[in-house]
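Biologist: Could you pick one part of this model and walk me through it slowly? I'd like to know how it is built, what packs around it and how far to trust it.

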Amino acid sequence: MSEVLAVPQLVITAAVIGGGISGALHAGKRNMDTIGVIFVAVATGLGGGAIRDVLLAQSVPVFLLNNLVALALVGAVAGWFFTRLVAFLEPAIFVIDTLLIGVWVIVGAEAALRADLPPVAAVFVGITTAVGGGLLRDVLCRETPSALMPGEFVAASALAAAVIFVGIDVTTDNQPTAEAMAITTAALLRVTTARLRLVTPSAVDLSDRFRVWLGLERHRTGSTGGR
């Protein structure tokens, strides 16, 4: 199976190089050696696509073919040897990364739909493709994956984009509209929440409230008071 989405090569190039830069900067801040920086950079740049291919049982992962590994290495070199220049371009990198959330969601979700997976599975594959590179980067750097912790709306933006893309594509079969809406939704959600300094909430334990709603807490309190 070849790449199912005709994403412009320039976009794929920017995505892989951007991931490589992110991985290289992350590894460099943790004082990894040259091999470590290269390894983390390639994993970040190609991780989401490679995980997608594994989930879809690809015999040969598409994202390990062609020149994509070389592009990730370009990002590794840029992040390792031109740290100050990359830091200067950080606002531009944020814009590109924000726009690419929706693109990676589409790349994953559409491949899942083409493989005849149900819509819910397609949403999952889309999200995994979008955040997979970052997850691998954090794991290789011995950190808790930032996409799964309270913070920027990266995974949440991917979720919204995946639901919108799959919903529109399945119900209307209007792929161009689905793609445009997914990319726009992910970008707007992440930019808006970043400007407002909003973060994703932590998990909430409602066990006590649920016990009160069931009357178990009142029963326990009443029993204690009667002693």
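Modeller: Here is a close look at one helix, H5, followed by its surroundings and the confidence scores.

A bit of housekeeping to start: this is a predicted model, so local features need a pLDDT of at least 70 and side-chain atom pairs count only at 80 or more, while totals for chains, interfaces and linings use all residues. Residues are numbered from 1 along each chain as its sequence is written, and side-chain values use heavy atoms, leaving out hydrogens and water.

H5 has 25 residues and spans 36 Å from first C-alpha to last, close to the expected 36 Å (1.5 Å times one less than the number of residues). Helices here are DSSP runs of H or I with at least four residues, strands are E runs of at least two, and both are numbered from the N terminus. H5 does have a kink of about 30°, centred on leucine 100; that bend is the angle between axes fitted to the seven residues ending there and the seven starting there. Just past the helix, aspartate 116 takes a positive phi of about 65°.

Now for the packing. The largest nonpolar core has 22 residues, and Ile127, Ala158, Phe165 and Val166 have the most contacts inside it. Such a core is a set of buried Ala, Val, Leu, Ile, Met, Phe, Trp, Tyr and Cys residues joined through side-chain atoms within 4.5 Å. Buried means under 20% relative accessible area, exposed means over 50%, and partly exposed is in between, using a 1.4 Å probe and protein chains only. The elements giving two or more residues to this core are H5 (90-114), H6 (119-140), H7 (154-172) and H8 (175-195), with H5 supplying the largest share, seven residues. Apart from this core lies another, of 12 residues, including Val16, Val42, Leu46 and Trp104.

Two residues show the packing up close. Glycine 126 sits in H6 and is buried, at 0% relative accessibility. Beyond its neighbours within four places in sequence, glycine 126 is in contact (heavy atoms within 4.5 Å) with Trp104, Val105, Gly108 and Ala109. Its C-alpha is 5.8 Å from that of alanine 162, 36 residues away along the chain. Valine 166, with residues up to four places away left out, touches Ala109, Pro119, Ala122 and Val123.

H5 also has a charged pair. Arginine 114 and glutamate 110 form a salt bridge, 3.4 Å from N to O; the term means a Lys or Arg side-chain nitrogen within 4 Å of an Asp or Glu carboxyl oxygen. The two are about one helical turn apart, because they are four residues apart in H5. In general, an α-helix has 3.6 residues a turn, so residues three or four places apart point the same way. Their surroundings are worth noting too: glutamate 110 is buried at 4%, whereas arginine 114 is partly exposed at 49%. The whole structure has five salt bridges.

How far to trust it? The predictor's per-residue confidence, pLDDT, runs from 0 to 100. The chain averages 81, and 85% of residues score at least 70. H7 has the highest mean, 94, and helix H10 (216-225) the lowest, 51. Residues 219-227 stay under 50, and the model has one contact for them beyond four places in sequence.
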